[in-house]
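Trainee: I'd like to learn how to read a model like this one. Can you walk me through it?

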Amino acid sequence: AGSVVSQMSGNPYWTIILLTVAGGCIGFLVFNLPPAKTFMGDCGSLYLGYIFGLATYRLGFLTLRPTRSVFGWLLIMAVPICDTAFAIVRRTLGRSGVLLGDRRHIYDRLCHCLDGDVLKTDLVIWCMTATLGLLGICIIHNLDSYWPPVVVIITYIGLFYIGKALGCLSSD
């Protein structure tokens with residue numbers, strides 16, 4: 001989604017960077033499909049978070065109409081933003097330390113609800129992020145009404161309720 005947004009905004013450098021990152025992720029995904037043969041780890045996930053955060057800043061906040069882009073980027077990044085927020089709230093309320101790992105993320109809880117079926121869990125997460133990514137692109141492409149903030153608010157409320165129902169906010 002990021003490379004499409006950068007292409008729409010006329011930024012060929014970020015288009016190339018984000019397409020390269022997407023290609024690397026797809027290449028990694030070949031070896032990470034169930035049963036996984038390799039895992040990303042902290043270095044890979046932190047790098048991806050950094051690149052997407054930087055892309056959001058450069059392509060979203062430094063444009064001529066930043067409000068237009070911010071709503072789209074909030075949708076494109078909704079799943080990782082909510083998952084991070086759930087982890088911070090869960091760990092703070094549980095007094096377990098914000099930097100300690102756990103298995104209560106959206107993916108882990110969804111996998112548990114799907115009886116441990118990793119492939120189904122992957123497909124649900126991929127479809128959810130792809131749908132939100134396409135919606136974000138549509139919002140960035142044509143923001144001439146009041147509906148983008150409404151869509152963002154409804155999306156985050158919906159993700160909050162999904163996370164709560166899955167048990168992503170409870171520390172036990």
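Trainee: How many helices and strands does the protein chain have?

Mentor: Keep in mind that this is a predicted model. The protein chain has eight helices and zero strands. The radius of gyration is 17 Å, close to the 16 Å from the globule rule for 172 residues, so the chain is as compact as a globular protein of that length.

Trainee: What share of the residues count as buried?

Mentor: Of the 172 residues, 33% do. As for contacts with a separation of 6 or more, 61% of them are between residues 24 or more positions apart.

Trainee: Let's turn to charges. How many salt bridges does the structure hold?

Mentor: The general idea goes like this: side chains of opposite charge can pair when their charged atoms come close. Here, the structure holds three salt bridges. One of them pairs Asp-102 with Arg-90, with the closest N and O atoms 2.8 Å apart. Asp-102 sits in the loop between α5 and α6, while Arg-90 is in helix α5, twelve residues away.

Trainee: Is Arg-90 buried or exposed?

Mentor: Arg-90 has 1% relative accessibility, so it counts as buried. Asp-102, at 23%, is partly exposed.

Trainee: Which other side chain meets Asp-102 in a salt bridge?

Mentor: Arg-91 does, at 3.2 Å from N to O. Arg-91 lies in helix α5 and Asp-102 in the loop, so this pair ties together parts eleven residues apart in sequence.

Trainee: And what does Arg-103 pair with?

Mentor: Arg-103 forms a salt bridge with Asp-108, again by side chains, with 3.2 Å between the closest N and O atoms. Arg-103 is exposed at 64%, whereas Asp-108 is buried at 14%. Shared partners join Arg-90, Arg-91 and Asp-102 into one network of salt bridges.

How values were computed: Residues are numbered from 1 along each chain as its sequence is written. This is a predicted model: local features need pLDDT of at least 70, side-chain atom pairs count only at pLDDT 80 or more; totals for chains, interfaces and linings use all residues. Side-chain values use heavy atoms; hydrogens and water are left out. Helices (H or I, at least four residues) and strands (E, at least two) are DSSP runs, numbered from the N terminus. The radius of gyration is taken over C-alpha atoms; the globule rule is 2.2 Å times the number of residues to the power 0.38. Buried means under 20% relative accessible area, exposed over 50%, partly exposed in between (1.4 Å probe, protein chains only). Contact means heavy atoms within 4.5 Å. A salt bridge is a side-chain nitrogen of Lys or Arg within 4 Å of a carboxyl oxygen of Asp or Glu.
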